[in-house]
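Reader: I would like a close look at a single part of this chain, taken slowly and with every term explained as it comes up. Could you walk me through one helix and what surrounds it?

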Amino acid sequence: MFRQEDLRVVLDVRLDAGVWLNAALVAKQGLSEDDLRKLKWTHRFKFSLVCRMLATKNQDDIEILGKLFTKLLFFQQKVWKFDQNEDMHNWKEIPHCICPDKASFEKHVINQGCPVHGYRCRN
Ligand SMILES: [Zn+2]
């Protein structure tokens, strides 16, 4: 069992910004201390990606950072011991994404003009 403070992920000390890993889910999935360490890293890396994406309007940068974002979300699913399923990713947390909202168990629909995902319609 982990202590509550073991589940805290500090994202920015100055802003006192952070997230908590879901204690019940951590227990249910049987995550190890190493899994928690990896998950904390993914949250800090995600925060830095969000900051970098918000700070740019360059299309190439947005597309590359968006691809990294997707890889990171897949890695999070792996560490959480979930199926690696992009349809379960929350695209609303990806800066610049203008793809339509989806209901929980539907597939993502790509807006061809989306700076993050639109390239998939062009290739
Ligand atoms: Zn999108």
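Author: What follows starts with the whole chain, turns to helix α3 and its surroundings, and ends with the strands.

This is a predicted model, in which local features need pLDDT of at least 70 and side-chain atom pairs count only at pLDDT 80 or more, while totals for chains, interfaces and linings use all residues. Residues are numbered from 1 along each chain as its sequence is written.

The chain has four helices and two strands, and its order along the sequence is β-β-α-α-α-α; here helices (H or I, at least four residues) and strands (E, at least two) are DSSP runs, numbered from the N terminus. Along the principal axes, the C-alpha atoms fill a box of roughly 50 × 35 × 20 Å. Of the 123 residues, 12% count as buried, where buried means that 20 or more other C-beta atoms, placed from the backbone, lie within 10 Å of the residue's own, exposed means 12 or fewer, and partly exposed lies in between.

Helix α3 has 21 residues and reaches 30 Å from its first C-alpha to its last, close to the 30 Å expected at 1.5 Å a residue, the expected span being 1.5 Å times one less than the number of residues. The buried residues of α3 are Ile62, Leu65, Gly66, Phe69 and Leu73. Seen down the axis of α3, these buried residues fall within an arc of 110 degrees, so they line one face of the helix; the arc is that of the directions from the helix axis to the C-beta atoms. The face turned away from this buried side carries the exposed residues Asp60 and Lys71. Just after α3, Lys81 takes a positive phi of about 65 degrees.

What covers the buried residues of α3 includes α2. Helix α2 spans residues 33-54, and its buried residues are Leu39, Lys46 and Met53. Down the axis of α2, those buried residues fall within an arc of 50 degrees, so they too line one face of their helix. On the other side of α2, Glu33, Asp34, Arg37 and Cys51 are exposed. The cover of the buried residues of α2 includes, in turn, α3.

Apart from its neighbours within four places in sequence, Phe69 is in contact with Leu49 and Ile94, a contact being two residues whose C-beta atoms, placed from the backbone, lie within 7 Å. Phe69 also belongs to the largest nonpolar core, whose ten residues are Met53, Ile62, Leu65, Phe69, Leu73, Trp91, Ile94, Cys97, Cys114 and Val116. Such a core is a set of buried Ala, Val, Leu, Ile, Met, Phe, Trp, Tyr and Cys residues joined through C-beta atoms within 7 Å. To this core α3 gives the most, with four residues.

Turning to the strands, β1 (residues 8-12) and β2 (residues 17-20) run antiparallel and are joined by four bridges, and two strands pair if DSSP finds at least two bridges between them. Arg8 stands opposite Trp20 in β2, and Val10 has Gly18 as its bridge partner there. The hairpin of β1 and β2 has four residues between the strands, and in this hairpin Asp16 takes a positive phi near 50 degrees.
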